[in-house]
Amino acid sequence: RITQYVYQNWDSFLNTWKDNSRTTFLFNSQGYLIQNLTENYNYSSNQWEIQFGTKNVLIYDASNRIVDNIYQNWDLPNNTWKNYYRETAFTFDGSNNVLSLEFQMPNGTTWDKNYKYNLVYALNNQPVQLTMQNWNGTSFVNDSRWINLTFENWCGWYCEGISIQTGTLQY
């Protein structure tokens, strides 16, 4: 598993690669990702800094299935992490496929429901339908859906994001 990488851009004026950002992955004792952190390189101070940093904070249940994924951005003027959005309220089927998850937005010290994804799987555990529902203040209502999903090689939720098959982050 990868624990860190550095992203570089080519500087054609200096004819060299220049550091742009660095992402570090932290894992719990069971080997599950619990945080990823992205920092930017500051050439003025010649060091890595959280200028426009992003971070995921992940929480798992006793079966090592993800139950909470909080996305945060670095608030530079206040030098602190600020909640950006959250994926939570995961439900799973008997094969540990994610059946649904909610996206929530921060509202001070609480979270407001925003929308929800519901998934339907074929017998081979590949998703065949994804339905998005919006929160209307009292309940989730249908908004849009993707049907007849077909994959050449199913790799999980957003491929680099949450794996619908295992409920974990894949990198």
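How many residues lie between β3 and β4 in their hairpin, and which residue in the turn has a positive phi? I will come to that in a moment, after saying that what we are looking at is a predicted model, so please hear every value as computed from it.

The hairpin of β3 and β4 has 4 residues between the strands, and the turn residue with the positive phi is N46, at about 60 degrees. The two strands, with β4 covering residues 47-60, pair in the antiparallel sense over 7 bridges, and within that pairing N42 stands opposite Q47 of β4.

On its other pairing, β3 meets strand β2, residues 16-27, again in the antiparallel sense and over 7 bridges, with R22 standing opposite E39 of β3. The hairpin of β2 and β3 has 5 residues between the strands, and there G31 takes a positive phi near 90 degrees. As for β3 itself, which spans residues 33-42, 8 of its 10 residues are buried, so the strand is largely enclosed by the rest of the structure.

Let me turn to the nonpolar core. The largest one has 16 residues, and F90, V98, L101 and Y117 are those with the most contacts inside it. The elements giving two or more residues to this core are β4, β6 (80-92), β7 (98-107), β8 (110-121) and β9 (127-135), and the largest share, 4 residues, comes from β8.

Now to the aromatic rings, where the count comes to 14 pairs. In one of these, Y115 and Y117 have ring centres 5.6 Å apart and planes at 75 degrees, and because edge-to-face begins over 60 degrees, the pair falls in that class. Y117, which we met in the core, has a relative accessibility of 8% and therefore counts as buried, the cut-off being under 20%. Another pair is W135 with F140, whose ring centres are 4.9 Å apart and whose planes stand at 65 degrees, so this pair is edge-to-face as well. Here the partners have separate labels: W135, at 28% relative accessibility, counts as partly exposed, whereas F140, at 16%, counts as buried. Y115 and Y117 also belong to one aromatic cluster, formed together with Y71, Y84, Y85, F103 and W146.

Finally, two charged side chains lie over ring faces: R1 over the face of F27, at 4.0 Å from the ring centre, and K18 over the face of Y43, at 4.2 Å from the ring centre.

Definitions and conventions. Residues numbered from 1 in each chain as written. Predicted model: local features only at pLDDT ≥ 70, side-chain atom pairs only at ≥ 80, totals over all residues. Heavy atoms only, no water. Buried < 20%, exposed > 50% of the residue type's maximum accessible area, 1.4 Å probe, protein only. Pairing = 2+ DSSP bridges. Core = buried A, V, L, I, M, F, W, Y, C linked by side-chain atoms within 4.5 Å. Phe/Tyr/Trp six-rings, centres within 6.5 Å; stacked < 30°, edge-to-face > 60°. Lys NZ or Arg CZ within 6 Å of the ring centre and 35° of its normal.
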